[in-house]
Every structure is written in structure tokens, then in C-alpha cells.
Amino acid sequence: MALRTILTEGEDTLYRKSREVVKFDDRLHELLDDMAETMNQANGVGLAAPQVGILRRVVVVHTGEEVLEIINPEILETSGEQDGLEGCLSIPGRYGLVKRPMKVKIRAQDRNGEWYEAEGEGLIARAFCHEIEHLDGILYNKRAYKMLTQQELEEYYEEEDE
Ligand code: NI
């Protein structure tokens, strides 16, 4: 396993559409292992392949218990709404407010090409939406209704603590 470099805002690759994965081979497994290591090292909740310069439909999300490997994902169902803070390893140090569904059900392939379904709620639902959008070249600051300044961020955390 190896750490990969996370591309940041302004890099062309982040704004391009990723292609479907068709080969579930050692190269894919190495990418998945590296992405999990890179995400964990950066304390991220999720990471999408274009963030490490690979335009393939591959995402990893840390569910709190495990790293879910999500390949060629589709969103099947969404319900409810949440409004909250979102960040991205490709936009370091910045946060914004984004409305997302509270629950998201996805269908995806695992590292061997087997299809499975997964449901996420709260932070995981947010991560599913955020990471899948990366595969279409969309960064969350396009979705945010407000990007916060450092002072607004501090005020937001103070309100959350009350
Ligand atoms: Ni991101």
C-alpha cells in the first residue's frame, strides 16, 4: 500500500467525468487499498478516485466501522433532508453549508465486481452524495448555499456546542 497525493481545487482532473470500472483486477485492488490508506491518513470520511488523479468510478467511504469500497455507484433512493457543514480533502481548510438527503440508498460493485446495496444515514448519506458527485466532476462548493469564513466557522461550532 502507498499513500497517494490528493489533488486540490484548480486541478483539471477534479472537474472531469470519471469512467466506469470494467476490470476488477489487481490494479483496481491496489488503487482501493491506497485510497483507503490515503483517506485514513488524512482523517477523511470519504475519498473518490479523481481526487488522486484517477478518472474511474471508484469511491471509498469510512462508515465508522469499516471502509466501504464503492465501485460504479448509483443512487437508488433518497429520503428526508439534512442541512449541515461539509468539507473536502481537495479543498483543505474550507467548509460550507450544504443540504443533503438524510438517508441514501446506493447500489454499487465491490472489488470483485459483485453488486450490493448499502444504506447510509446522516454523515454517511452525506458522504455517499459528496463522493459520487466527485465522479461527475462536481465539488461540494458548487452545491453549498454558503461557504463559511473562519469566523463564521467558529461561530457555527459554538452554536453546535450550545
Ligand atoms: Ni470531496
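**Exercise 1. Work out how the protein chain is packed overall.**

Solution. Start with burial: 46% of the 162 residues in the protein chain are buried, where buried means under 20% relative accessible area, exposed over 50% and partly exposed in between, with a 1.4 Å probe and protein chains only. A quick word on the input: this is a predicted model, in which local features need pLDDT of at least 70 and side-chain atom pairs count only at pLDDT 80 or more, while totals for chains, interfaces and linings use all residues. Residues are numbered from 1 along each chain as its sequence is written, and side-chain values use heavy atoms, with hydrogens and water left out.

Next, check the radius of gyration, taken over C-alpha atoms and compared with a globule rule of 2.2 Å times the number of residues to the power 0.38. For 162 residues a compact globule would come out near 15 Å, and the protein chain has 15 Å, so the two agree. Along the principal axes, the C-alpha atoms fill a box of roughly 50 × 30 × 25 Å.

Then look at contacts, meaning heavy atoms within 4.5 Å. Of those between residues at least 6 apart in sequence, 66% join residues at least 24 apart.

Last, the surface: the protein chain exposes about 8900 Å² of accessible area, 43% of it from carbon and sulfur atoms. That area comes from the Shrake-Rupley method with a 1.4 Å probe; for residues, only the protein chains shown count as cover.

**Exercise 2. List the secondary structure and trace the pairing around β2.**

Solution. Count the elements: the protein chain has three helices and eight strands. Helices (H or I, at least four residues) and strands (E, at least two) are DSSP runs numbered from the N terminus. In sequence order they read α-β-β-β-β-β-β-β-α-β-α.

Now go to β2, residues 58-62. Four of its five residues are buried, so the strand is largely enclosed by the rest of the structure. Two strands count as paired if DSSP finds at least two bridges between them. With β1 (residues 46-48), β2 pairs in the antiparallel sense over three bridges, and Gly46 has Val61 of β2 as its bridge partner. With β3 (residues 67-79), β2 is again antiparallel, over five bridges; here Val59 is partnered by Ile70 in β3.

Finish with the connection. The hairpin of β2 and β3 has four residues between the strands, and Gly64 takes a positive phi near 100° there. Thr63 is also in the loop between β2 and β3, and at 26% relative accessibility Thr63 is partly exposed. Setting aside neighbours within four places in sequence, Thr63 touches Leu68 and Ile124.

**Exercise 3. Describe the β6/β7 hairpin and the sheet that contains β5.**

Solution. Take the hairpin to begin with. β6 (residues 103-109) and β7 (residues 115-121) pair antiparallel over seven bridges, with Ile106 opposite Ala118 in β7. Five residues separate these two strands, and in the turn Gly113 has a positive phi of about 90°.

Now the sheet: three strands make an open, antiparallel arrangement in the order β4-β5-β8. Its edge strands are β4 and β8 (146-147), each pairing on one side only. Five bridges join β4 to β5, and Gly84 is partnered by Val98 in β5.

**Exercise 4. Find the nickel donors, then decide what the cysteines are doing.**

Solution. Use the donor criterion: N, O and S atoms within 2.8 Å of the metal (3.2 Å for Na, K and Ca), bearing in mind that water is not among the atoms, so sites may look incomplete. The protein donors that result are Cys88 (SG), His130 (NE2) and His134 (NE2), at 2.1 to 2.2 Å from the nickel ion. Their spacing in sequence is C-x41-H-x3-H. Cys88 sits in the loop between β4 (82-86) and β5 (96-100) and His130 in helix α2 (residues 123-134), so the pair ties together parts 42 residues apart in sequence.

Check burial at the site: Cys88 is buried at 10% relative accessibility, and His130 is buried at 5%.

Now test for disulfides, defined as pairs of cysteine sulfur atoms within 2.5 Å. The structure holds zero. For Cys129, the closest cysteine sulfur is that of Cys88 at 14 Å, too far for a bond. Cys129 itself is buried, at 7% relative accessibility.
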